[in-house]
Amino acid sequence: MFDKALAFRRSNTHEALNYDDFKKAVETGFAFSYWCGSGDCEEKIKEETRATMRCIPIDQAEVLGKEVPLAPGVCVYCGKPAQDRAIFARAY
Ligand SMILES: [Zn+2]
């Protein structure tokens with residue numbers, strides 16, 4: 001059950017490193033994006049795309065089923081430095 005869910009999520013998860021890609025990703029599935037941790041960004045993202053933050057995976061490399069660089073990035077919404085990537089998806 002868990003493996004199935006994980007496989008499903010992997011095949012529907014898109015790495016989105018900018019807001020345009022983010023919006024496309026949540027149209028069709030999950031977005032895996034850097035997020036600065038700010039509740040303001042989370043709110044704005046929710047307002048504009050209807051996507052909400054689901055989780056910050058402990059093992060970031062596990063999400064896409066491949067190694068991903070664990071370097072810090074910039075928040076997909078505000079562009080501030082971000083340590084972690086989070087998974088976002090639309091709530092229905
Ligand atoms: Zn932000």
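**Note on the zinc site and the H2–H3 packing**

1. Four sulfur donors, Cys36 (SG), Cys41 (SG), Cys75 (SG) and Cys78 (SG), coordinate the zinc ion at 2.3 to 2.4 Å; donors are N, O and S atoms within 2.8 Å of the metal. The model is predicted, with local features needing pLDDT of at least 70 and side-chain atom pairs pLDDT 80 or more. Residues are numbered from 1 along each chain, and side-chain values use heavy atoms, without hydrogens or water.

2. The site of the zinc ion is tetrahedral, with angles of 104 to 121 degrees among its four donor atoms (the term requires all angles between 85 and 135 degrees).

3. The donor residues follow the spacing C-x4-C-x33-C-x2-C. Because Cys41 lies in helix H3 and Cys75 in the loop between strands S4 (73-74) and S5 (81-82), this pair ties together parts 34 residues apart in sequence. Helices are DSSP runs (H or I) of at least four residues, and strands (E) of at least two.

4. Helix H3 (residues 39-49) also packs with helix H2 (residues 19-28), at an angle of about 55 degrees and with axes 11 Å apart. Tyr19, Phe22, Lys23 and Val26 in H2 meet Lys44, Ile45, Glu48 and Thr49 in H3 (contact: heavy atoms within 4.5 Å).

Notes:
Axes fitted to C-alpha atoms, helices over the stretch in contact; angles between N-to-C directions. Donors = N, O, S within 2.8 Å, 3.2 Å for Na, K, Ca; no water. Tetrahedral: all angles 85-135°; square planar, octahedral: opposite > 155°, others 65-115°.
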